[in-house]
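Please take a moment to look over the structure shown below, turning it slowly before reading on. The paragraphs that follow lead from the backbone to the empty spaces and then to the contacts between side chains.

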Amino acid sequence: MGKRIVVALGGNAIVTKTGTADSQIRSIKETMKKLVQFIEDGDELVITHGNGPQVGNLLLQQINGSSVDNPAMPLDTSVAMTQGSIGYWMQKSLDEVLKEKKLKKNVATIVTQIEVKEDDPAFKNPSKPIGPFYSKHEATVQHTMHSGCIFKEDAGRGYRRVVPSPKPQKIIEAPVIESLLVNGTVPIAAGGGGVPVICKENGDLQGVEAVIDKDFSAAKLAENINADELIILTAVDNVFVNYNQPSQKALTNVTIDELKQYIDEGQFAAGSMLPKVRAVIDFVENTGKKAVITSLKNVDKLIAGGTGTVITK
């Protein structure tokens, strides 16, 4: 019997040098050819993905075209828009691959809301860079034009808008996603970390100006739908310690306690591997199940019982 698996795709599964729709669709089609192997193996598959470059481009387009009659949309709406556009590309591409393989499966994209805490400390310390780079002068001009926006210097590369990145608490559409799985549908959900919402006293949901880390959202999604396994696909086959040093070592089988020790040692870069490691720790700690971090190109070997970093309790 197959497993219920949540696969979280990194930006390398979508983004291209040119950034055109056609080039991204071609890249996604190749990605779907990899992921269909889980379905062929009898697994229930849920796909989630990032949207960093896409939502950054959308925000830039909106800022440049904003006017009184055609105002830019708020950040939560922009996240939802890119969930829809990327989900459409993935849905279309996976449908095509399934037909080529003569596999009878439906695919559905779910615009996913994710509840966060209104008092999350992240709201008082915006830290997640989004959108384009600016010079110091340009950032000052942008701040004057958009007084609610905060800009910070980003690793010597210029200034970028920063927004809060609260931790996900609950996937609002989890019951819908589970029902789709039960009925043989492949859901594409929680794209770009999902749309962050807070629950008001009357029970209504309100979108907020924030971006949720996609790996933490994938972990919460896997937890909420009772997935057997969380797989985070990134650019490398394994998690490494002493990365890019002569003593570099690939981790194959590792416990969450060992990963916590490596975090304390500063082994993982904050902008790349660290959130993935923290996300799998959350999932394994909360569920007792296993997680895997590996590369997209390594999927066939992973399914065959091969390589990758396997994290257990």
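**A walk through the model**

Asn244 has its place in the loop between β13 (239-241) and β14 (249-251). The model in which it appears is a predicted one, and this loop is a convenient place to begin looking at the backbone. Most residues other than glycine have a negative phi. Asn244, however, is a residue other than glycine with a positive phi, near 65 degrees. With a relative accessible area of 64%, Asn244 is exposed, because exposed means over 50%.

A second residue with a positive phi is Ala190, which is not a glycine either and has a value of about 55 degrees. Ala190 is found in the loop between β9 and β10 (195-199). Is Ala190 buried or exposed? Its relative accessible area is 0%, so Ala190 counts as buried. The two loop residues can therefore be set side by side, with Asn244 exposed and Ala190 buried.

From the backbone we can turn to the spaces between the atoms. Rolling a probe the size of a water molecule over the atoms shows where empty space is left. When the whole structure is searched, one cavity of 30 Å³ or more is found, and the volume of the largest cavity is about 40 Å³. Its lining is made up of Ile39, Asp43, Glu44, Leu45, Lys105, Leu181, Gly184, Thr185 and Val186. Two elements, β2 (44-49) and β9 (185-189), give two or more residues to this lining. Sorted by character, the lining residues of the largest cavity are four nonpolar, two polar and three charged.

One of the residues in that lining, Lys105, deserves a longer look. Lys105 lies in the loop that runs between α3 (75-100) and β3 (106-110), and its relative accessible area of 29% makes it partly exposed. Which residues does Lys105 contact, leaving aside its neighbours within four places in sequence? They are Ile39, Asp95, Leu98, Gly184 and Val186. Among these partners, Val186 is 81 residues away from Lys105 in sequence, and yet the C-alpha atoms of the two are 7.1 Å apart in space. A different case is offered by Asp257 and Glu173, which are 84 residues apart along the chain and whose C-alpha atoms are separated by 31 Å. Asp257 belongs to helix α7 (residues 256-264) and, at 53% relative accessibility, counts as exposed.

Besides the cavity, there are pockets, and the second largest pocket holds about 250 Å³ of space. Of the 17 residues that line the second largest pocket, those closest to its centre are Leu59, Ile63, His146, Cys149 and Arg161. Both α2 (52-65) and β5 supply at least two residues of this lining, and β5 provides the largest share, with four residues. The lining of the second largest pocket divides into 11 nonpolar residues, four polar ones and two charged ones.

The strand β5 leads us on to the aromatic rings, for which the count comes to three pairs. In one pair, the ring centres of Tyr134 and Phe151 are 5.7 Å apart and the planes stand at 80 degrees, so the pair is edge-to-face. Because Tyr134 lies in strand β5 (residues 128-134) and Phe151 in strand β6 (residues 150-153), the pair ties together parts that are 17 residues apart in sequence. Tyr134 is buried, at 11% relative accessibility, and Phe151 is buried as well, with a relative accessible area of 17%. Another pair, Tyr262 and Phe268, has ring centres 6.4 Å apart and planes at 80 degrees, so it too is edge-to-face. Tyr262 and Phe268 are both buried.

A ring can also have a charge placed over it, as with Phe216, where the charged end of Lys167 sits over the ring, 4.7 Å from its centre. The last residue on this route is Lys220, which has its place in helix α6 (residues 214-224). Why is Lys220 counted as buried? Its relative accessible area is 15%, and buried means under 20%, so Lys220 falls on the buried side of the cut-off. Not counting residues up to four places away in sequence, Lys220 touches Pro168, Gln169, Lys170, Ile171 and Asn286.

Notes:
Residues are numbered from 1 along each chain as its sequence is written. This is a predicted model: local features need pLDDT of at least 70, side-chain atom pairs count only at pLDDT 80 or more; totals for chains, interfaces and linings use all residues. Side-chain values use heavy atoms; hydrogens and water are left out. Buried means under 20% relative accessible area, exposed over 50%, partly exposed in between (1.4 Å probe, protein chains only). Contact means heavy atoms within 4.5 Å. Rings of Phe, Tyr and Trp (its six-membered ring) pair if their centres lie within 6.5 Å; planes under 30 degrees apart count as stacked, over 60 as edge-to-face and the rest as tilted. A charge sits over a ring if NZ of Lys or CZ of Arg is within 6 Å of the ring centre and within 35 degrees of the ring normal. On a 1 Å grid over the protein atoms alone, a cavity is a set of points where a 1.4 Å probe fits but cannot get out, and a pocket is an open set with protein on both sides within 12 Å along at least five of seven lines; lining residues have an atom within 4 Å of a point. Grid points are joined across faces, edges and corners, and a volume is the space filled by probe spheres set on the points. Ala, Val, Leu, Ile, Met, Phe, Trp, Tyr, Cys and Pro count as nonpolar, Asp, Glu, Lys and Arg as charged, and the others, Gly among them, as polar.
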